[in-house]
Amino acid sequence: MCGIVAYIGPKDATPFLLEGLARLEYRGYDSAGVAVAGRTGGVKVRKVKGRVADLAAEVPARFKGTTGIGHTRWATHGVPSDANAHPHLDNAERIAVVHNGIVENADELRVRLAAEGAVFRSETDTEVLSHLIAAHATEGVELEEAVRAALGKVVGTYGIAVLDAERPDRVVVARNGSPIVLGIGEKEMFVASDVSALVRYTRQVVHLEDGELATVRADGFRTFTEDARTTHRQPSTVDWEIDSYDTGGYEHFLLKEIHEQPGSVERTLSGRLDERFATAHLGGLNLDARELREIRRVKILGCGSAYYAGEMGAQLIEELARIPAHSEPASEFRYRNPVIEADTLYIAVSQSGETYDTLAAVQEVKRKGGRVLGVVNTVGSAIARECDGGIYLHAGPEISVASTKAFTSTVVAFALLALHFGRIHDLSPADGRRIVSALNALPGQIREILAQSDEIAGLAAEYADSTGMMFIGRVRGYPVAREGAQKLKEISYVHAEAYPASELKHGPLALISPELPTVALVPDDELLDKNLTTLGEIKARAGRVLAVAHRRPDARLADHCILVPKSEPELDPLLLNIPLQLLAYHAAVALKRDVDKPRNLAKSVTVE
């Protein structure tokens with residue numbers, strides 16, 4: 001959620017640090033800061049509560065150095081303030097540290113360091129690291145040794161970058177649960193917590209593993225473990241374009257990413273559909289047909305929108321492959337001491353591939369001998385590396401905090417997986433061809449829905465001032481309702497709840513009134529008549545109804561309707577979700593919210 005950047009080379013570090021931090025703004029933050037060191041000695045620091053633009057305005061023209069580190073902070077220990085912003089220094093103002101994560105034993109370390117003479121200037125856990133490293137950086141001790149010794153006393157998660165005024169020829173970085181990426185340039189090196197900060201400067205990157213450190217110099221890097229064993233990391237190539245990190249003429253990244261979905265779905269499908277055998281090619285699973293037939297259950301793990309995509313995926317797997325499947329929040333999974341079964345396939349879902357709760361769940365499954373696949377968007381990410389196999393989404397970078405195109409591509413990936421499983425089990429060639437044809441049609445159908453954006457904007461403006469909204473759907477539609485409610489509340493701050501339509505009369509119907517409108521998912525499927533009956537129950541209590549449907553309901557049952565093209569029943573939920581993305585976006589715009597960076601939220605949640 002916080003952001004780290006660093007530079008070392010022949011140039012002034014400050015322009016890269018400020019631009020890199022600006023490219024990490026989408027991760028969510030409340031303060032920002034930079035520190036630089038040069039050949040003249042000393043560390044210069046500037047940090048502010050507020051945006052990167054506020055920081056840039058505070059940096060003087062003579063703020064120069066060839067080695068530097070920077071940070072955007074999302075408050076955990078201590079309120080957002082100039083003092084609590086990173087980087088943090090030791091008392092001698094020699095060691096500067098930026099840190100993502102949480103030092104769980106910070107209070108204990110703070111007491112011990114204070115007794116030894118350390119004077120703390122902030123409320124953060126991170127300042128403990130600067131004093132702790134300084135305590136080990138005695139005469140004759142190399143910086144990497146001081147960092148390694150200090151981290152040996154730390155309990156918690158971290159991605160850190162350390163700058164030493166006495167050794168400006170290097171930056172030492174370390175990772176344990178929070179991503180660190182090295183960027184390889186021409187006689188210069190870069191560091192970031194996310195490749196988005198690097199792609200303008202280099203495509204060659206190295207991802208550190210948990211428990212790994214690196215000494216970064218202008219002419220290269222060395223990686224090693226916490227017990228000083230040398231490791232060997234080979235660079236990989238980032239295939240995302242720099243244009244992906246610009247709004248491209250759209251008012252917000254979120255709107256751009258909603259409109260990119262036809263292309264992102266095409267990329268997720270590309271090369272994976274086999275029309276001859278009516279199946280899907282998924283070589284990255286690392287599972288042959290015999291192994292797949294031995295699977296008796298599928299458990300899907302994700303957080304937030306990834307969890308809801310998992311619910312839609314579980315429904316697809318059960319319908320097409322007839323294998324019991326279930327989705328649950330990864331953040332809860334490992335705390336209930338789960339039973340890991342040999343014939344269960346576990347699937348971890350994460351756009352960033354760095355979601356800490358999901359990564360911890362993967363590690364729990366693997367510790368107990370389970371097999372885990374990953375469905376992720378970011379090549380080389382921690383979850384992708386930890387899993388036994390999986391599916392890359394190829395949706396492209398997603399900058400806005402609220403997930404749209406990655407969510408849709410995740411559901412498409414689950415459709416491919418369900419088709420693949422199904423054809424190995426009992427899905428007929430005719431049904432396989434039906435699903436293949438429907439998947440091929442998705443990009444065009446999404447374009448049809450996106451063409452209604454202006455009409456949906458008018459509806460959003462009409463409903464945006466509601467005290468809250470109810471989202472309802474049945475069976476396949478219920479996960480769509482949950483994701484729709486999540487999208488509305490996270491970017492518009494309008495309270496929203498999702499319920500199975502069949503559950504309304506078991507309690508929630510008491511809430512229905514003209515002030516609480518209902519968004520109802522009404523697909524033209526085997527439950528159409530039951531859904532229409534539910535609309536009648538709402539209208540009988542003077543509730544307003546916005547229907548998302550394949551056919552316009554009777555005017556007595558719905559005040560407004562958004563029409564969606566018909567797909568196959570199993571894939572209808574994917575299309576029903578697209579109007580809900582536009583509804584949430586336009587409601588947030590009408591309410592003048594910070595659409596791409598909603599309050600209190602971060603894109604990549606790398607702490608527990």
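Reader: What does accessible area mean here, and how much does the chain expose?
Author: Accessible areas come from the Shrake-Rupley method with a 1.4 Å probe, and for residues only the protein chains shown count as cover. The chain exposes about 22900 Å², of which carbon and sulfur atoms supply 48%.

Reader: What kind of model is this?
Author: This is a predicted model, in which local features need pLDDT of at least 70, side-chain atom pairs count only at pLDDT 80 or more, and totals for chains, interfaces and linings use all residues. Residues are numbered from 1 along each chain as its sequence is written, and side-chain values use heavy atoms, with hydrogens and water left out.

Reader: How many helices and strands are there in the chain?
Author: The chain has 18 helices and 27 strands. Both are DSSP runs numbered from the N terminus: helices are H or I with at least four residues, and strands are E with at least two.

Reader: And how compact is the chain?
Author: Its radius of gyration is 25 Å, close to the 25 Å that the globule rule gives for 608 residues, so the chain is as compact as a globular protein of that length. The radius is taken over C-alpha atoms, and the rule is 2.2 Å times the number of residues to the power 0.38.

Reader: What percentage of the residues count as buried?
Author: Of the 608 residues, 62% count as buried. Buried means under 20% relative accessible area, exposed over 50%, and partly exposed in between (1.4 Å probe, protein chains only).

Reader: Let us turn to α18. Where is it, and how far does it reach?
Author: Helix α18 covers residues 572-590 and reaches 28 Å from its first C-alpha to its last, close to the 27 Å expected. The expected span is 1.5 Å times one less than the number of residues.

Reader: Why is α18 described as largely enclosed?
Author: Of its 19 residues, 17 are buried, so the rest of the structure largely encloses α18. Just after α18, K592 takes a positive phi of about 60 degrees.

Reader: Which sign does phi usually have?
Author: Most residues other than glycine have a negative phi, and most peptide bonds are trans.

Reader: What about R322: where is it, and is it buried or exposed?
Author: R322 is in the loop between α9 (305-321) and β19 (325-329). Its relative accessibility is 65%, so R322 counts as exposed. Phi of R322 is also positive, near 60 degrees.

Reader: Which residues does the cis peptide bond with omega of about 5 degrees join?
Author: That bond joins H86 and P87, and P87 lies in the loop between β4 (67-73) and β5 (88-89).
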